[in-house]
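Hi,

Here is the structure I promised to pass on. Have a look at it first, and then read my notes below.

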Amino acid sequence: MLSRTRAAMRLVKGGTVEAAPSVQPADKSYRWFPPGTHITVRGLSKQFQGSVLYEDFDLDLPRGKVVSVFGPNGCGKSTIINMIAGLLPMDKGEVLFDGKTIDETRIGYVFQNYREALFPWLRAIDNIHYPLKLMGLSRKERNERVEKLLGRFQVKIDFNRYPYELSGGQQQTVSIMRSLVMEPEVLFLDEPFSALDYEMTLFMRDQMQKVFMETNTTMVIVSHDLEEAVYLADHVLLLTRRPTKIADFIEVPLPRPRSADTLSDPKFVEIKSRCLEIFRREAKLS
Amino acid sequence: MNKLLARLNPVIGVILLVLVWWIATLLQIADPVLLPPPQKAFKALVDGLVSGPLLHDFAQTIYRTVLAFLIASAIAIPLGVMLGAADKVYRSVEFVIDFFRSTPASAVFPLFLVLFGVGDKTKIAVAAFGSVLVILFNVAYGVMNARKTRVLAAKVMGANRFQVLKDVYFWESLPQTFIGMRNGISLALVIIVVAEMFIGSSDGIGYRLIEAQMLFEMPTMYAAIFAAGALGYGMNWIFLTIEKTFVHWGGK
């Protein structure tokens with residue numbers, strides 16, 4: 001109850017401040033954010049082995065959109081989403097989801113290394129059941145939810161096998177399903193397809209797109225592949241070298257569902273080359 | 001011919017050993033009283049098991065060893081998981097654990113005799129003491145080497161500290177726990193057999209050994225040695241079998 005009141009108060013804090021920048025209070029945590037924002041990051045600072053990675057970093061991520069994070073090596077792409085997702089402590093700053101803290105928010109997270117993220121002592125199906133068990137759902141409720149999810153994915157996987165008996169793509173599919181089954185408010189994906197072969201990657205991209213179109217979950221994807229970053233995203237967040245700032249936040253207004261044809265669409269090519277140009281500029285700096 | 005050889009391969013060593021032993025007794029290389037021929041020792045083993053006291057000794061040694069091991073596991077596994085998960089706490093007690101792990105368990109016999117008196121209690125307590133430290137050490141390291149990704153995955157899904165311990169750390173440490181348990185039960189057997197020799201016993205393989213020695217019944221002594229060996233080997237084998245089915249994901 002207390003935490004809910006706190007969350008509400010924070011919402012009021014953000015909401016009452018008018019859009020005009022001139023009336024912004026000095027306190028940065030009150031700073032204005034655009035309508036439709038889901039995740040607000042304010043004043044985030046992080047040092048890594050003595051060097052500054054993020055200093056007073058602000059970020060607004062829109063609701064119900066897919067945002068790709070892209071930037072030069074070592075700029076802290078994974079670090080930023082890990083801090084937002086609460087996996088990594090930040091030195092300073094505040095992250096709110098709709099005014100709620102991370103503890104009050106249901107999030108999903110898909111790790112790059114599915115082999116080390118799934119539980120090998122549980123069958124694939126029990127891996128998917130696990131987060132629902134943590135939520136305290138009954139066996140019947142769990143089965144209903146899992147059935148619904150399986151129906152949506154329609155992949156040919158023997159879910160009674162153990163993860164190590166499945167192929168890489170199948171394991172990552174199970175991993176994604178495990179993060180989706182609890183119907184998260186935000187889904188984070190850290191280079192989810194980088195350990196898969198190209199064919200599997202293409203298939204998984206389309207799976208992700210399908211999931212997104214059906215659920216409209218806010219998603220944040222770290223990618224090291226620019227084509228993938230643009231293809232999947234509604235917005236591409238381009239980062240600079242460290243100390244990391246936002247280089248640009250580029251909209252990708254291409255209609256969904258996107259397909260292989262999208263990759264050769266002149267608009268797609270244009271956005272991708274714009275991103276590449278910014279990336280080159282930022283990667284060369286310093 | 002090749003197939004037959006391949007099938008015999010594992011027992012060739014045994015056959016060779018018995019053969020060398022037999023030839024040695026034939027040539028009378030050693031005093032026949034000290035080294036009786038293999039068939040005599042074998043007969044003593046069978047007689048002892050079927051109609052003699054050896055079966056009872058065997059059962060007593062198993063009982064003491066298994067009881068000591070169970071007590072040790074019941075203490076060491078939960079404690080090891082907790083200590084391993086809080087590695088700062090483990091670091092602060094690591095020296096104590098390492099110190100007593102390196103202390104020969106036989107060195108604490110006199111102390112435990114004072115504490116528990118002469119009898120089964122002391123034997124089991126010393127064996128459990130030695131075993132606890134070996135298991136604890138392995139479990140704690142198994143937990144500390146747990147894949148961080150799995151721990152994070154569980155936390156992100158909303159697991160609280162206890163659930164992370166129970167659902168991730170415990171399982172993650174299981175392969176290492178089994179290594180600890182295997183070493184722990186071997187050590188418990190060693191301690192129990194030694195204790196049966198010297199601490200007021202009236203049965204057990206250790207007692208039978210020392211009695212045979214004093215009565216100069218060499219075939220019985222060899223029989224008891226084989227019984228002890230078979231016991232150690234059998235326990236190890238049982239653990240490996242359980243491990244294979246239980247920790248099926250190990251190394252994958």
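Starting with chain A: there are 9 helices and 9 strands in this chain. Bear in mind that this is a predicted model. Of the 286 residues in chain A, 36% are buried. If you take the contacts in chain A between residues at least 6 apart in sequence, 71% of them join residues at least 24 apart.

On confidence, the average pLDDT of chain A is 86, and 88% of the residues score at least 70. The stretch to be careful with is residues 1–23 of chain A, where pLDDT stays under 50. The model has 16 contacts beyond four places in sequence for that stretch. Where pLDDT is low, the predicted coordinates should not be read in detail.

Next, a sheet in chain A. Three strands make up an open, antiparallel sheet, in the order β2-β1-β4. The edges are taken by β2 (51–62) and β4 (92–97) of chain A; each has a single partner strand, so one side of each has no neighbour in the sheet. On average, and ignoring direction, neighbouring strands here are turned by 15° against each other. Strand β1 (residues 37–48) of chain A runs antiparallel to β4(A), and 5 bridges join the two. If you want a pair to click on, S45(A) has K92(A) in β4(A) as its bridge partner. Helix α2 (residues 77–84) of chain A lies across β1, β2 and β4 of chain A, and runs at about 120° to β1(A).

Then there is helix α4 of chain A, residues 124–134. Its buried residues are A124(A), N127(A), I128(A), H129(A), Y130(A), P131(A) and L132(A). Which elements cover them? Among them are α5 (139–153) and α6 (168–180) of chain A. After α4(A) comes G136(A), which has a positive phi, near 80°.

The helix α4(A) also turns up where the two chains meet. In total, 17 residues of chain A are in contact with 13 residues of chain B. On the chain A side, β5 (107–110), α3 (114–117) and α4 each supply at least two of the residues that touch chain B. The most comes from α4(A), with 3 residues. By class, this side of chain A has 15 nonpolar residues, 1 polar and 1 charged.

Over in chain B, I looked at helix α6 (residues 120–144). How far apart are its end C-alpha atoms? They are 36 Å apart, which agrees with the 36 Å that 25 residues should span at 1.5 Å a residue. Of those 25 residues, 22 are buried, so α6(B) is largely enclosed by the rest of the structure.

One last spot in chain B is P37(B), in the loop between α1 (2–26) and α2 (38–50) of that chain. Is P37(B) partly exposed or buried? It counts as partly exposed because it has 15 C-beta neighbours inside 10 Å, whereas being buried takes 20 or more. Leaving out residues up to four places away in sequence, P37(B) touches W22(B) and T25(B). The C-alpha atoms of P37(B) and A224(B) are separated by 15 Å, with their positions 187 residues apart along the chain.

That's what I have for now.

Cheers

Methods:
Residues are numbered from 1 along each chain as its sequence is written. Chains are lettered from A and ligands numbered from 1 in the order in which they are written. This is a predicted model: local features need pLDDT of at least 70, side-chain atom pairs count only at pLDDT 80 or more; totals for chains, interfaces and linings use all residues. A residue is buried if 20 or more other C-beta atoms lie within 10 Å of its own, exposed if 12 or fewer, and partly exposed in between; C-beta atoms are placed from the backbone. Helices (H or I, at least four residues) and strands (E, at least two) are DSSP runs, numbered from the N terminus. Two residues are in contact if their C-beta atoms, placed from the backbone, lie within 7 Å. Two strands pair if DSSP finds at least two bridges between them. Axes are lines fitted to C-alpha atoms, for helices over the stretch in contact, and angles run from 0 to 180 degrees between N-to-C directions. pLDDT is the predictor's confidence in each residue, from 0 to 100. The expected span of a helix is 1.5 Å times one less than its number of residues. Ala, Val, Leu, Ile, Met, Phe, Trp, Tyr, Cys and Pro count as nonpolar, Asp, Glu, Lys and Arg as charged, and the others, Gly among them, as polar.
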